[in-house]
Amino acid sequence: MTEPNQATRRERGHRRSVFSGIQPTGVVHIGNYVGAIRHWAGMLDDYDCTFCVVDLHAMTVPYEPQEMPQKVFETFIINIAAGLDPERCCLFVQSHVPQVTELCWMLMTCSSMGELSRMTQFKDKSEKLGGQVSAGLFTYPVLMAADILLYKAEVVPVGEDQTQHLEFAREAARAFNARFGETFPEPEALFSEVPRLMGLDNKQKMSKSLDNHISLLEDRDEIWAKLSTAATDPARVRRADPGTPEICNIFTMHKAFSPPEDIEWSAHGCRTASIGCLDCKRRVTDNMAAELEPVREKYRELAADPGRVREIMAEGAENARQRARTNLAEARRSAGLL
Ligand code: AMP
Ligand code: TRP
């Protein structure tokens, strides 16, 4: 039977498949939340979604093995708490589905060394590591392509820093199909509309390693302590100086967390100097804390019930493994493996 083309499948109510990967960093900040998790959570009803905590990718750089289980566990539950409802998507841990490494090998035989050596993330990371560069770091994009193709994902929501890796995955699908026959769809990237949040210093993007972030688990007081001292429009030195909301990082956060009337109130107040930065920051704090409160609550609930979390993990892995087995069997047939 021939596969109906995408347009006809969509007309028939086919939900397109989505896949994305999450690094097991443990700490998740509001940049990850608005730029990734909240965006994904908004896709659960319209797409067939699969999300994976990528512990095998985390092995490509030095790490403490005894810290890994805790990091994977925390990342897993914080993503559920922040909206990846396991009743409405498949959430699992990468290494629980070993089929991905076999597909990775097959794709490695279709990948070009030249293309891999042009990956900017590889160049950046290997520079930082000095002489300690593993072959795993070099082939990181192949494992990522295997993640995506193993589930025949059509749409991959990622940050713009992953554009090159996504292009690599598309190329891997094309190369496999050209060599062994049509097997995998070419995945397409989907970027979040929320701009990158800058860190509290407003110098570099918000990131855990720069310690300029607000974690998803911080309460109102902690958020206020950070926001009240955070950088704003540098030209607005005194309260009487009018400001330019568009260049203020706090305003970007405001747009990500507040209702339109509050955003308008701040924009107008800032431009006319009728409110001070602290007045604006208080609103942002209230709205951010209100949105994050249920996330913290859900996190606490899950953290207190590790048995339940293990069950969710096992269910996610089982669901993913079933699809992985089917798709890997097809890839093996295409490649002529007995
Ligand atoms: P990372 O673990 O830092 O690579 O972040 C994972 C994902 O979170 C990225 O691919 C982005 O989609 C999102 N993200 C990370 N940092 C930010 C930020 N500062 N602002 C907005 N989105 C971010
Ligand atoms: N490389 C991605 C990142 O650092 C994580 C990732 C691994 C991923 N496998 C993936 C993202 C598959 C999308 C699809 O953010």
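Here are some notes on a predicted model with two domains and two ligands.

1. Ground rules. Residues are numbered from 1 along each chain as its sequence is written, while chains are lettered from A and ligands numbered from 1 in the order in which they are written. Since this is a predicted model, local features need pLDDT of at least 70 and side-chain atom pairs count only at pLDDT 80 or more, whereas totals for chains, interfaces and linings use all residues; side-chain values use heavy atoms, with hydrogens and water left out.

2. Domains. The assignment splits the protein chain into domain 1 (6–197 + 306–334) and domain 2 (220–299); bounds like these come from an automatic or database domain assignment. Their C-alpha centres sit 34 Å apart. Domain 1 puts 12 residues into the contact and domain 2 puts in 11, with contact meaning heavy atoms within 4.5 Å.

3. Buried area. About 1,000 Å² is buried between domain 1 and domain 2, and 76% of that is on carbon and sulfur atoms. Buried area here is the accessible area (1.4 Å probe) that two parts lose on being put together, summed over both. On the domain 1 side, Ile30, Ala81 and Leu197 supply 45% of the area buried against domain 2, more than any other three residues.

4. Polar links across the interface. There is 1 salt bridge between the domains, where a salt bridge is a side-chain nitrogen of Lys or Arg within 4 Å of a carboxyl oxygen of Asp or Glu. The partners are Glu291 and Arg38, at 3.1 Å from N to O. Arg38 belongs to helix α2 and Glu291 to helix α14 (residues 277–303), 253 residues apart. For scale, the whole structure has 24 salt bridges. The interface also shows 3 residue pairs in polar contact, both residues at pLDDT 80 or more. A polar contact is a pair of N or O atoms within 3.5 Å; within protein, one must be able to donate a hydrogen and the other to accept it, and residues adjacent in sequence count only if both atoms are side-chain atoms.

5. What domain 1 presents. Both α2 (30–41) and α4 (68–81) give at least two residues to the side that touches domain 2, and α4 has the largest share, 5 residues. Helices are DSSP runs (H or I, at least four residues), numbered from the N terminus. By class, that side has 10 nonpolar, no polar and 2 charged residues. Nonpolar covers Ala, Val, Leu, Ile, Met, Phe, Trp, Tyr, Cys and Pro; charged is Asp, Glu, Lys and Arg; the others, Gly among them, are polar.

6. Ligand 1. Its surroundings include His29, Asn32, Asp161, Arg196 and Met206, counting residues with a heavy atom within 4 Å. Backbone N or O atoms come up repeatedly: one of Gly31 is 2.9 Å from a ligand nitrogen, and one of Leu197 is 2.8 Å from a ligand nitrogen. A polar backbone atom of Gly159 lies 3.4 Å from a ligand oxygen.

7. Ligand 2. Of 13 residues around it, Gly21, Gln23, Tyr140, Asp147 and Gln162 come nearest. Here the side chains are worth a look: Tyr140 has an N or O atom 2.6 Å from a ligand nitrogen, and Asp147 has a polar atom 2.8 Å from a ligand nitrogen. For Gln23, a side-chain N or O atom is 3.2 Å from a ligand oxygen.
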